[in-house]
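Visitor: I would like a short tour of this model, taken in questions.

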Amino acid sequence: MKALARWGVVVAVAFGACDGPDQDAELTWIRRGDTASVRLPASAVWCAGPGWLELFAGRNDTGVALAVFPVDSTLEGRFPIVPVRDRADSLRPVAGLAVRWFSDTELLAFEGHDGTVDLELVEGRIGARVTGHLRILAGDDTLDLTGVFPELPLVRGGAQCPVPEDSTAIVLD
């Protein structure tokens, strides 16, 4: 549960870090046969102390968050998506994925259960492709998501980067 609580803080803090339309993530998800496509302002934060990358795309009450936990400071390659509640930060190399939005009547929150995140780091900018299968936090509903995060400036995090109790710090040079 600590990982989920930490993710809530990550989403809240990263929400304000988006710069402009050239940094929009393009995301598509399928739920119950319906497809939705959105472009959302995106940001990338490297949390050196705990050694994880946060990618976030959001506007208003809609958000998609990725937490990537590399083995070391190598932020390139393919990372399998696992449920964050499984202590993803201690399973390295893995990624966590979450999606939330308000429907007409309720807040819908989904957690990634499988899929992949492909990262590419070019001259201090990070890009990502994500394909994931998610499950709603309360119930049996599922969601399939694909998306692209553009090459985003990689910001070094501060207070929004809590150190997990069971992680070893990784410093990005």
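The questions below cover confidence, fold, core and backbone.

Guide: This is a predicted model, in which local features need pLDDT of at least 70, side-chain atom pairs count only at pLDDT 80 or more, and totals for chains, interfaces and linings use all residues. Residues are numbered from 1 along each chain as its sequence is written, and side-chain values use heavy atoms, with hydrogens and water left out.

Visitor: In which element is confidence lowest, and in which is it highest?
Guide: The score is pLDDT, the predictor's confidence in each residue, from 0 to 100. The chain averages 81, and 77% of the residues score at least 70. Residues 1-21 stay under 50, as do residues 165-173. By element, the mean is lowest at 37 in helix α1 (residues 2-14) and highest at 97 in strand β8 (residues 125-136).

Visitor: What does the secondary structure of the chain come to?
Guide: Helices (H or I, at least four residues) and strands (E, at least two) are DSSP runs, numbered from the N terminus. Along the chain the order is α-β-β-β-β-β-β-β-β-β. The total is one helix and nine strands.

Visitor: Which element gives the largest share of the largest nonpolar core?
Guide: A nonpolar core is a set of buried (under 20% relative accessible area, 1.4 Å probe, protein chains only) Ala, Val, Leu, Ile, Met, Phe, Trp, Tyr and Cys residues joined through side-chain atoms within 4.5 Å. The largest has 33 residues, of which L53, L55, V99, V117, L119, L145 and F149 touch the most other members. Elements giving two or more residues include β3 (52-59), β7 (107-122) and β9 (142-156). The largest share, five residues, comes from β8.

Visitor: Which residues among those in another core can be named?
Guide: This other core lies apart from the largest one and has eight residues. Among them are V45, C47, A67 and C161.

Visitor: Which peptide bond is cis?
Guide: Most peptide bonds are trans. P93 sits in the loop between β5 (77-80) and β6. With omega at about 0°, the cis bond is the one joining R92 and P93.

Visitor: R32 has a positive phi; is this residue buried or exposed?
Guide: Most residues other than glycine have a negative phi. R32, not a glycine, has a phi of about 55° and lies in the loop between β1 and β2. Exposed means over 50% relative accessible area. At 64%, R32 is exposed.

Visitor: Where does N60 lie?
Guide: N60 also has a positive phi, about 55°, although it is not a glycine. N60 counts as exposed at 59% relative accessibility. Its place is the loop between β3 and β4.

Terms used:
Contact = heavy atoms within 4.5 Å.
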